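Here is a short report on a protein and its ligand. Look over the sequence and the 3D view before reading on.

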Amino acid sequence: MSPPVTAPARDRLRIAIQKSGRLADPARSLLAACGLSWRESRDRLFCFGETLPIDLLLVRDDDIPGLIADGVCDLGVVGRNVLTEAGLARSGGGAPVFREWRSLGFGGCRLALAVPDAWDWQGAQQLAGKRIATSYPALLRQWLDTQGIDANVVLLSGSVEIAPRLGQADAICDLVSSGATLVANQLKAVETLLESEAVLAGPVGEFDPVRAGLTDLLMRRMDGALRVRNSKLLMFQATRGLLPTLLPMLPDAEEPTVMQIDGEDRLALQALCHGALTWQRLEELKRAGARGLMVLPIEGMLA
Ligand code: PRT
Ligand code: ZN
């Protein structure tokens, strides 16, 4: 029996992100918010980690699952749509190949089945014997199987939405975010196959101790960065009697820190708010008796 193949021990972690495209900037900003900084190679394909031994490889998003599966990269920021399609294609529906470490909250879209506006959609059985154009053949075949439908999958690498007008297909299965592309092509979404967003992905297997330690550190920082991304610290003063009115008005707030001032019932409060602290909300709080309202940005958080 041949020995198991394991990735060679490396003392640096390597993360693949999209070089350019929808996920490139948000992926970099998130990693920078985790305290990483890099020195870029001249060809702008490799970024050497300076603050931590965590390097970036800048590639096409479609290449990221393969780079992870082959052990060239340890982690990658990629759309769930791309990761799931590649996972199904590699595993044939068997044991999973990839692990989603975190959902990252950007790059949101859905993989949808769309048909011409003129169709009176009654359900999936209408697709029997029809041609469906897609760049996601494995996800589409899996969905068709669960529906018990025999249809022809037409593989296209781009411009899927014009396939029905060109007579290449009867329906399509493609990513939708605002829906404007479907409308422009006289199509309508009728089924959702997958809800997607950018994820931090890795292999299902374990890392060696050094990379496992770096991954743990990165996850802790990323959880903090994801948590505070849209959060603000609200500071204000109020009398104790007003708390039952004021606290429910705080947008998606954590339990506030309350400090007594003046030895009386006058309090200073600070609350971490995850919801939007609009001018309107601040004015409402002031009308309800809050004083000295101050909103502060949050740089980082470690639970
Ligand atoms: O060069 P590279 O291969 O790296 O980039 P790419 O052109 O393949 O990818 P890119 O940057 O377009 O998308 C990267 C990832 O962003 C995708 O894999 C998704 O996870 C995510 N994402 C989010 C989207 C969309 N929203 C999206 N709307 N990817 C593509 N679209 C396309 C869709 O294919 C369709 O053509 O936008 C059109 C529909 O948009 P609406 O707003 O009209 O519905
Ligand atoms: Zn791509």
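## The shell around the ligand

β10 gives the most to the shell around ligand 1, with three residues. This is a predicted model. β10 spans 171–176. Two helices, α3 (80–91) and α5 (180–184), also supply at least two residues each.

The surroundings of ligand 1 comprise 23 residues. Among these, Arg60, Asn81, Ser178, Gly179 and Thr181 come nearest. Sorted by class, the shell has 11 polar residues, six nonpolar ones and six charged ones.

## Polar contacts

Which distance separates an oxygen atom of ligand 1 from an N or O atom in the side chain of Ser178? That distance is 2.6 Å. Ser178 is also one of the residues that come nearest to the ligand.

Two backbone contacts join this one. Ser177 places a backbone N or O atom 2.9 Å from an oxygen atom of ligand 1. For Ala180, a backbone N or O atom lies 3.4 Å from a ligand oxygen atom. Taken on its own, ligand 1 has 840 Å² of accessible area, and the protein covers 77% of it.

## Pocket and domains

Where does ligand 1 sit? Its place is the largest pocket.

The domain assignment splits the protein chain into domain 1 (13–107 + 198–227), domain 2 (109–195) and domain 3 (232–297). Domain 1 is written in two segments, 13–107 and 198–227. Why does ligand 1 lie between domain 1 and domain 2? Both of these domains give residues to the shell around ligand 1, so the ligand lies between them.

Domain 3 covers 232–297. How far apart are the C-alpha centres of domain 2 and domain 3? They lie 49 Å apart.

## In brief

Ligand 1 sits in the largest pocket and lies between domain 1 and domain 2. The polar contacts include the side chain of Ser178 and the backbone of Ser177 and of Ala180.

Notes:
Residues are numbered from 1 along each chain as its sequence is written. Chains are lettered from A and ligands numbered from 1 in the order in which they are written. This is a predicted model: local features need pLDDT of at least 70, side-chain atom pairs count only at pLDDT 80 or more; totals for chains, interfaces and linings use all residues. Side-chain values use heavy atoms; hydrogens and water are left out. A residue is near a molecule or strand if one of its heavy atoms lies within 4 Å of it. A polar contact is a pair of N or O atoms within 3.5 Å; within protein, one must be able to donate a hydrogen and the other to accept it, and residues adjacent in sequence count only if both atoms are side-chain atoms. Accessible areas come from the Shrake-Rupley method with a 1.4 Å probe; for residues, only the protein chains shown count as cover. On a 1 Å grid over the protein atoms alone, a cavity is a set of points where a 1.4 Å probe fits but cannot get out, and a pocket is an open set with protein on both sides within 12 Å along at least five of seven lines; lining residues have an atom within 4 Å of a point. A molecule sits in a cavity or pocket if more than half of its atoms lie within 2 Å of its grid points. Helices (H or I, at least four residues) and strands (E, at least two) are DSSP runs, numbered from the N terminus. Ala, Val, Leu, Ile, Met, Phe, Trp, Tyr, Cys and Pro count as nonpolar, Asp, Glu, Lys and Arg as charged, and the others, Gly among them, as polar. Domain bounds come from an automatic or database domain assignment.
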